[in-house]
Amino acid sequence: MNETTYSLLMMVLVFAVMYFILIRPENKRKKQAEEMRSNLSLGDEIVTIGGMTGKIVQITEETVTFETGEDRVRIQIKKWAIQTNERAEAKAKEQAEEKKRAKKSRK
């Protein structure tokens, strides 16, 4: 193998490693976030990227209106600004725990 072929092979190998370590997981996280935002429903407890929390009272194609606290202040934000859906996360965590219990009971 000559030096040029070796250099080219190393560059391809470095790109492949970077893809599997950095690019692929990031694309996966983006896809999960987009799926979470498209599955929002009325009554969901959300947290925005700015740290505000509240309950969804209205959903449109691009925006979400939610109420904060007992004072019932309504705030309208873009869907991309939603970081987490507390109800969906709690449900996923509960399902994961049930799977763990099921595995332990099989043993």
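Helices (at least four residues) and strands (at least two) are DSSP runs, numbered from the N terminus. The model shown in these views is predicted.

**View A. The hairpin of strand 1 and strand 2.** Strand 1 covers residues 45–48 and strand 2 covers residues 53–59; the two run antiparallel and are joined by three bridges. One of the paired positions is E45, whose bridge partner in strand 2 is K55. Four residues lie between the strands of this hairpin. In the turn, G51 has a positive phi of about 95°.

**View B. Strand 1 beside strand 5.** Strand 1 also pairs with strand 5, which spans residues 82–85. The pairing is antiparallel and extends over three bridges. Within strand 5, T84 is the bridge partner of V47.

**View C. The course of helix 1.** Helix 1 comprises 36 residues, from 3 to 38. From the first C-alpha to the last, helix 1 reaches 51 Å, close to the 52 Å expected at 1.5 Å a residue. A bend of about 45° occurs in helix 1 at Y19.

**View D. The surroundings of Y19.** The count of aromatic pairs comes to one. This pair is formed by Y19 and F20, with 5.1 Å from centre to centre and 80° between the planes. The arrangement is edge-to-face because an angle over 60 degrees between planes is counted in that class. Y19, the residue at which helix 1 bends, has a relative accessible area of 33%. Y19 is therefore classed as partly exposed, since that term covers values between the buried limit of 20% and the exposed limit of 50%.

Technical notes. Residues numbered from 1 in each chain as written. Predicted model: local features only at pLDDT ≥ 70, side-chain atom pairs only at ≥ 80, totals over all residues. Heavy atoms only, no water. Pairing = 2+ DSSP bridges. Phe/Tyr/Trp six-rings, centres within 6.5 Å; stacked < 30°, edge-to-face > 60°. Buried < 20%, exposed > 50% of the residue type's maximum accessible area, 1.4 Å probe, protein only. Expected span 1.5 Å × (residues − 1). Bend = angle between axes of the 7 residues up to and from the residue.
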